[in-house]
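Me: Could you walk me through the aromatic contacts in this one? I would like to hear the reasoning behind each label.

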Amino acid sequence: MEIVNAANIARPFRDEVTRTIQLYKGMNEDENGPRLVGLLGNDDDGARKYAEWTQKACREDGIIFDIVQVQRHELEQKLEELNRDSSTHGIIIYYPIFGNLPSFYGSTMDDFLRDQVNPSKDVEGLSHYYRNKLNHNERFVDDLGNGKQKKCVLPCTALAVVKCLEHLKVYDETKPFGDRLRGRTVTVINRSEVVGRPLAAMLANDGATVYSVDIDSIYLFQRGKLCLSDATTEKACLGSDAIILGVPSPEYKLPLSYISDNTILINVSSHKNVSKEELQKSGKRVTFVPSVGKVTVAMLERNTLRLFLNFHSRDSFKKTPMATTLKTEVSALDSPQFSIVETEHHSAQDNRTQEHTISFTFSVAAAAAAVGILLGFLGAKRL
């Protein structure tokens, strides 16, 4: 059994972020670079420790990270303030805040808060705007008539899994982008809005056959196709090139009989969904990634930088000769469908006006998307 250290996968991306920020600040000496704000609205020690760990990593790599603690009933107002604040370039909320408490506005209060984050600052890529883009396999931000120049951010943990799969050569680099998982089968045991659903869509968008396993059903995802499957979890796993484990329970353990030789196992849950010791004793020839947390933080940094470059940086970034060098260096480490550096940026003095324009544009886009859903236009085009 091969055990993969996620830190080794994360390091090139963190180095990329650091280098990009240093080059940007070298061209704009009076700027501090990207600023990320983490909102804590609960008393969960685990959430605070994770926020502090993330803060430490971000600061090491050149991103300003401020943690703001508020009472949960004050979080919506604080979020609105940060949405309007031109010095804030990214926002992350540490859930759960209200748990499954219903919302007057529909669904739960946590879902409502998730959709209130301005998409120009949504480092998690979990607001309705980005979910809708992902579900329709639209990879660019269609704002202000600039064309396909600014790429969407993607949910951090799901993107971390993709980067692990790329590192482990599950993606076939000889095939065209968007088709590099053709012929691959992946089982995702989790269907949450944060991990399982976006991950299944991302993998299917790249050509994979994906089994999405939840407690009461299994769906089959393929590009342009989503349907209930009559496969069992065992059958889906045994036929998979990779199994992604994300069950949020210490009791759940994937039976070793579900794992074939030469399978890649990636554990994204905070609990160990498969026993490393039992796996080693079994003698199975597998590759195991016990945790993706460090890659997730690297993707959070990357998303923060992307939003900063897309929406909050100066015009001089694209006009100086250094910009060409910067783009070349960053692209060398990046898959084109998820590359960081884009070509259109706005001046600092226009930030506030731009944020209002972006907010309005995204609101119109979200409303239009909602109408489309109500009219039944998703169908086969969902992926």
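Reply: Happy to; what follows takes ring pairs, charges over rings and one helix in turn, all in a predicted model.

Me: Why is the pair of Tyr24 and Phe308 called edge-to-face?

Reply: The ring centres of Tyr24 and Phe308 are 5.1 Å apart, and a pair needs centres within 6.5 Å. The planes stand at 85°, and over 60 degrees counts as edge-to-face, so the label fits Tyr24 and Phe308.

Me: What makes this pair a tie between parts apart in sequence?

Reply: Tyr24 belongs to helix H1 (residues 6–27) and Phe308 to helix H10 (residues 293–312), so the pair ties together parts 284 residues apart in sequence. Both Tyr24 and Phe308 are buried.

Me: How do you know which kind of pair Tyr129 and Tyr130 form?

Reply: Their centres lie 5.3 Å apart with the planes at 80°. That angle is over 60 degrees, so Tyr129 and Tyr130 are edge-to-face as well. Tyr129 and Tyr130 are both buried.

Me: Why is helix H5 described as mostly covered?

Reply: Six of the eight residues in H5 (residues 128–135) are buried. Among them are Tyr129, Tyr130 and Leu134.

Me: What makes Arg180 count as a charge over the ring of Phe177?

Reply: The charged end of Arg180 is 3.7 Å from the ring centre of Phe177, and the distance limit is within 6 Å. Arg114 likewise lies over the face of Tyr95, at 4.5 Å from the ring centre.

Me: Which residues do ring pairs link into a cluster?

Reply: Tyr50, Trp53 and Tyr94.

Note on methods. Residues are numbered from 1 along each chain as its sequence is written. This is a predicted model: local features need pLDDT of at least 70, side-chain atom pairs count only at pLDDT 80 or more; totals for chains, interfaces and linings use all residues. Side-chain values use heavy atoms; hydrogens and water are left out. Buried means under 20% relative accessible area, exposed over 50%, partly exposed in between (1.4 Å probe, protein chains only). Helices (H or I, at least four residues) and strands (E, at least two) are DSSP runs, numbered from the N terminus. Rings of Phe, Tyr and Trp (its six-membered ring) pair if their centres lie within 6.5 Å; planes under 30 degrees apart count as stacked, over 60 as edge-to-face and the rest as tilted. A charge sits over a ring if NZ of Lys or CZ of Arg is within 6 Å of the ring centre and within 35 degrees of the ring normal.
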